[in-house]
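Colleague: I would like a close look at a single part of this model. Pick one residue, say where it sits and what it packs against, then work outwards from there.

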Amino acid sequence: MNPVIPIQTDRGCQEAPVLRERGQREVFCGLTGIIWLHRKMQDAFFLVVGSRTCAHLIQSAAGVMIFAEPRFATAILDERDLAGLADAQDELDRVVQRLLERRPDIRMLFLVGSCPSEVIKLDLSRAAARLSQRHAPRVRVLNYSGSGIETTFTQGEDACLAALVPSLPAQPPEAAGHAPELLVVGALADVVEDQFRRQFDAMGLQRVDFFPARSSTTLPAIGPQTRFLLAQPFLGDTARALEARGARHVPAPFPLGAEGSAAWLQAGAAAMGLDRDRTAEVIEPWRQRAGRALETHRLRLAGQRVFFFPDSQLEIPLARFLSRELGMQLVEVGTPYLHRSHLAEELALLPSGTALSEGQDVERQLDRCRAARPDLVVCGLGLANPLEAEGLTTKWSIELVFTPIHGFDQAADLAALFTRPLLRRQRLAA
Ligand code: SF4
């Protein structure tokens, strides 16, 4: 008998109505992405062009996590710089010059825009082009915005990768006659990337690249022969930029949990022309092992009611994992932005009738959450403390981005992120 990846027979929530809210929101800005991107891209440096608030965010959120010399900093624009934009451009040039003299290891420099009005007035793309010319070929200078006006939390990664796409080399013309190449898109912890590489290899796929690459000297070539699998659901702009270069998206659920990881690997293999039954056989032992590792968590989580506030854009794949593999009940699944086509496979796997919401009107959503009294609330740091004080149990969604959660080997760790707060609450109650 062929091992079978479960396939949904109905369309789940693909056509379900979505509550759209456009009110006040409580989400970190896109600068936050620097925290995981600087670890992944090992010869890149992120220079935030911002205010003291941005510097505090970066220092307090990331400062505690670094042990070596940091690869991010903030060039603070103050009152003096407002006197003239030409001065601000000169000041930026001086800061970059000093930085690159002091840090010869930097090969790629990102100028990261923020939301203070003096920064918005500054043309960072012109600055990046000018500085790139000055420091080529040793350093490439790119820019993107992490501003809280334009981006939420994980969109910083999307903006960064989309800015990097034009720098990717083109596939050579002779690639047209060759088999397609697979590109995995989205920053993954190195340990997870290595696991996926080994798994693709075991399935018979050697032509697999990862984007972002660990080094700016090994950027993958792209073109019409590229088929890309998204590893993260928040990469809409990056996907568009890749498609504009001829690459084609491979629709798949995201590799969270045993089921998601199996379906994701299998979609990648099918796009490369591998035999579906053969790859399912290779995948099956990994899927079974991950399923066994989830059993103890399922005993604790089955029947528990979970409410997602919109934060990371991982909410829909996580909800699918919690409901299908751990038996949790979904009270509301909120996401900052719902990309219908990238999430089509995920929506099809959600139980019909799941309450979905997009965007936020934080007070109204808090009212719905309080009225529902869920067993577990997944939300940002700003909401977690007040909700805990009201007796609700919370999980910080930011941890789901900082922790390696993708792939079979991380499925139980991912489940543990949800069992832990419930156990803590039980112990407190006892
Ligand atoms: Fe605050 Fe905007 Fe700076 Fe983010 S970019 S820290 S939202 S001022």
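Modeller: Take Tyr-144, which lies in strand 5, residues 140-145. Keep in mind that this is a predicted model. With a relative accessibility of 5%, Tyr-144 counts as buried, because the cut-off for that class is under 20%.

Now its surroundings. Leaving out residues up to four places away in sequence, Tyr-144 touches Ile-34, Leu-37, Phe-46, Phe-110, Leu-111, Val-112 and Gly-113, among others. Further along the chain, its contacts include Gly-156, Ala-159, Cys-160 and Ala-163. Take Ala-159: 15 residues separate it from Tyr-144 along the chain, and the two C-alpha atoms are 5.9 Å apart.

Tyr-144 also has a place in a wider group. The largest nonpolar core has 101 residues. Tyr-144 is one of the members that touch the most others, along with Phe-46, Phe-110, Phe-200 and Phe-418. As a rule, nonpolar side chains in soluble globular proteins tend to be buried together.

Follow Phe-110 next. Neighbours within four places in sequence aside, Phe-110 is in contact with Met-41, Ala-44, Phe-45, Phe-46 and Leu-47, among others. Its list also includes Leu-142, Tyr-144, Cys-160 and Leu-164. Cys-160 is thus a contact of Phe-110 and of Tyr-144. Another core, of 21 residues, lies apart from the largest one; Leu-92, Val-95, Val-96 and Leu-122 are among its members.

Phe-200 leads to helix 8, where the buried residues are Val-192, Glu-193, Gln-195, Phe-196, Gln-199 and Phe-200. Seen down the helix axis, these residues fall within an arc of 160°, so they line one face of helix 8. What covers them includes helix 1 (34-40), strand 6 (181-185), strand 7 (208-211) and strand 8 (226-230). Helix 10 (257-271) and helix 11 (276-301) are also part of that cover. The length of helix 8 checks out: its 13 residues, 190-202, should span 18 Å at 1.5 Å a residue, and the end C-alpha atoms are 18 Å apart. After the helix comes Gly-204, with a positive phi near 100°.

Back to strand 5, from the side of helix 6. Ser-132 belongs to helix 6, residues 124-135. Ser-132 is buried, at 17% relative accessible area. Beyond residues up to four places away in sequence, Ser-132 touches Val-139, Arg-140 and Val-141. Arg-140 and Val-141 fall within the range of strand 5, residues 140-145.

Terms used
Residues are numbered from 1 along each chain as its sequence is written. This is a predicted model: local features need pLDDT of at least 70, side-chain atom pairs count only at pLDDT 80 or more; totals for chains, interfaces and linings use all residues. Side-chain values use heavy atoms; hydrogens and water are left out. A nonpolar core is a set of buried Ala, Val, Leu, Ile, Met, Phe, Trp, Tyr and Cys residues joined through side-chain atoms within 4.5 Å. Buried means under 20% relative accessible area, exposed over 50%, partly exposed in between (1.4 Å probe, protein chains only). Contact means heavy atoms within 4.5 Å. Helices (H or I, at least four residues) and strands (E, at least two) are DSSP runs, numbered from the N terminus. The expected span of a helix is 1.5 Å times one less than its number of residues. The arc is that of the directions from the helix axis to the C-beta atoms.
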